[in-house]
Amino acid sequence: MDERNRRAFLVGAVGTIAIFAVLFFAVGARDIVDSLLSAKPSLVVATFAFALGWLVAWSLMLRTVLAALGVDVPVGKSFLVYSGAVFANNVTPFGQAGGEPVAALLISKVSDARYETGLVGIASVDVLNVVPSISLILVGVGYYATTAALGETLETAVSSAIVLIAGIVVAMGLVWRYHETIIDRLPGIIAPRLGKLGIERFQSDTLEADIADRLDRFFENIERVATDRWRLAAVVGLSLCGWLFQVAALTAAFAALGYSVPPYVLLFVIPLANLAGAAPLPGGLGGIEAAFVTLLVPTTGIPASVITAAVLIFRGAIYWMPVLIGGLSVSSLGVRALR
C-alpha cells in the first residue's frame with residue numbers, strides 16, 4: 001500500500017470510528033448492547049443465510065454477464081470471484097473503485113480472459129444492479145406514501161437518490177455516445193504520462209496503440225452485453241433476487257429482536273441507505289449504518305436502539321461475512337494463479 005492509499009485508508013478508518021462513536025452516543029450504547037443480547041440466535045442465523053443467498057444471486061449475475069462475453073467461469077469460482085470483489089469494496093474508500101479492478105484481475109486469472117473483459121463483466125454487474133434498485137425505491141416509496149406522509153428526511157433521501165442516479169445515467173450515456181472519440185484521443189493523453197512513471201511494463205513504444213486497442217475491446221464487450229437480451233433479462237432478474245434477499249435478511253434481523261417492519265419500507269430503505277457507500281469510508285462502513293438508522297427511525301416508529309441493533313446484525317451478515325469469505329477467496333485465488 002503506497003503512502004497516498006495508506007493515508008486515505010487511515011482517514012476513512014478514523015471517519016468510521018467517529019461515526020460509530022456519535023451513533024452509539026446518540027442512541028445509547030447500553031440500550032444497543034441490551035438489544036443485541038436479546039436477539040434470538042436462530043433468526044440471527046437466518047439473517048446470515050439470507051445474506052448468503054444475496055451473495056450467491058449476484059455472483060450468478062457475474063457468471064451470466066461473463067457468459068455473454070464468451071468467458072466460462074464455473075459457479076463455485078464465480079462465487080469466490082464476486083466475494084473477492086465485495087471484499088475489495090468493503091476495505092477500500094469509495095467502494096466500487098476498489099472492488100472492480102480486483103474482480104477484473106481475479107476473472108483474468110481464473111479464466112485466462114483479458115483484463116478489460118473482466119472489468120466489463122464486473123462493471124456491468126454493478127451498473128445493472130441500479131435498475132432494480134430504482135424500481136424498488138419507487139414502488140416502496142409509492143406504497144409508503146399511501147399509508148403515511150413523507151417526512152423531510154425521506155424526501156431528501158429520495159430526491160438525492162434520483163439526482164445521483166440521473167447523473168450517473170447521463171455520464172454513462174455521454175461516455176457511450178462519444179466512445180469513439182475517447183478511443184481516438186485518450187490513449188494519446190495517457191500514454192506519455194504512463195511512460196514517465198518509469199515502470200517497465202509502460203515503456204513500450206507501442207503503448208499508445210496498446211491502450212487504444214484495449215479501449216476498443218472494452219467498448220465492444222459492453223455492446224455485446226447490452227445486445228444479448230435474454231441474458232440481460234436473466235441478469236436483471238438475478239439482481240432483483242439479490243435485493244429481495246437483502247430485504248429478507250433485514251426482516252429476519254428485526255424478527256430476531258422481536259419486531260416486524262413492513263416489507264415495503266425495507267424495499268426503499270435498503271437501496272437508499274446503500275448510497276452512503278459512496279462516502280470516503282471503507283465500504284461505507286459507519287455511514288451506511290447511520291443512514292439506515294436515520295431512515296428507519298421515522299418510517300417504522302421502532303426505538304432507535306432496537307433499529308441500531310437490527311442494522312448491526314444485518315450489516316454483520318452483509319458487510320463482515322463477505323469480508324471474511326472474500327478475503328479468503330482473494331488470497332486463495334491469487335496464490336493459485338501465481339503458482
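Helices, the elements that these legends refer to by number, are DSSP runs of at least four residues, numbered from the N terminus. Keep that in mind as you go through the views of this predicted model.

**View 1. The whole protein is a chain of helices.**
Let's begin with the overall picture. The protein has 14 helices and zero strands. Read along the sequence, the pattern is therefore α-α-α-α-α-α-α-α-α-α-α-α-α-α. The protein has 339 residues, and 44% of them count as buried.

**View 2. Negative charges gather on the surface at helices H9 and H10.**
Which residues make up the patch of negative charge? They are Glu180, Asp184, Asp216, Glu220 and Glu223, gathered on the surface. Two helices, H9 (179-195) and H10 (207-227), each supply at least two residues of this patch. H10 gives the largest share, with three residues. One residue to look for in helix H10 is Glu223. Is Glu223 buried or exposed? Its relative accessible area is 44%, so Glu223 counts as partly exposed, because that class lies between the buried limit of 20% and the exposed limit of 50%.

**View 3. A nonpolar patch includes a residue of helix H8.**
Here the surface has another character: Val170, Leu174 and Tyr178 form a nonpolar patch. Together these three residues have about 290 Å² of accessible area. You can find Leu174 in helix H8, which covers residues 152-177. With a relative accessible area of 46%, Leu174 is partly exposed.

**View 4. A salt bridge joins helices H13 and H14.**
Side chains of opposite charge can pair when their charged atoms come close. How many salt bridges does the structure hold? There is one. Its partners are Arg315 and Glu289, and their closest N and O atoms are 2.8 Å apart. Arg315 belongs to helix H14 and Glu289 to helix H13, so the pair ties together parts that lie 26 residues apart in sequence. Arg315 and Glu289 are both buried.

**View 5. Two phenylalanine rings meet between helices H13 and H14.**
Now for the aromatic rings. A search of the whole structure finds seven aromatic pairs. One of them is formed by Phe292 and Phe314, whose ring centres are 5.5 Å apart. The angle between their planes is 75°, and the pair is edge-to-face. Which helices does this pair link? Phe292 sits in helix H13 (residues 287-300) and Phe314 in helix H14 (residues 304-338), and the two are 22 residues apart. Phe292 has a relative accessible area of 1%, so Phe292 is buried. Phe314 is buried too, at 1% relative accessibility.

**View 6. Tyr319 and Trp320 pair edge-to-face.**
Why is this pair called edge-to-face? The planes of the Tyr319 and Trp320 rings are at 75°, with the ring centres 4.7 Å apart, and planes over 60 degrees apart count as edge-to-face. What about exposure? Tyr319 is buried, with a relative accessible area of 4%, whereas Trp320 is partly exposed at 47%.

**View 7. Three tryptophans form a cluster.**
Our last stop is a group of rings. Trp54, Trp58 and Trp243 are linked into a cluster by ring pairs. As you look at the cluster, find each of the residues Trp54, Trp58 and Trp243 in the sequence as well.

Conventions
Residues numbered from 1 in each chain as written. Predicted model: local features only at pLDDT ≥ 70, side-chain atom pairs only at ≥ 80, totals over all residues. Heavy atoms only, no water. Patch = residues over 30% accessible without salt bridge, like charges linked within 9 Å, V, L, I, M, F, W, Y side chains within 5 Å. Areas by Shrake-Rupley, 256 points an atom, 1.4 Å probe, with all protein chains shown as cover. Salt bridge = Lys/Arg side-chain N within 4 Å of Asp/Glu carboxyl O. Lys, Arg positive; Asp, Glu negative; His and termini not counted. Charge placed at Lys NZ, Arg CZ, Asp CG, Glu CD. Buried < 20%, exposed > 50% of the residue type's maximum accessible area, 1.4 Å probe, protein only. Phe/Tyr/Trp six-rings, centres within 6.5 Å; stacked < 30°, edge-to-face > 60°.
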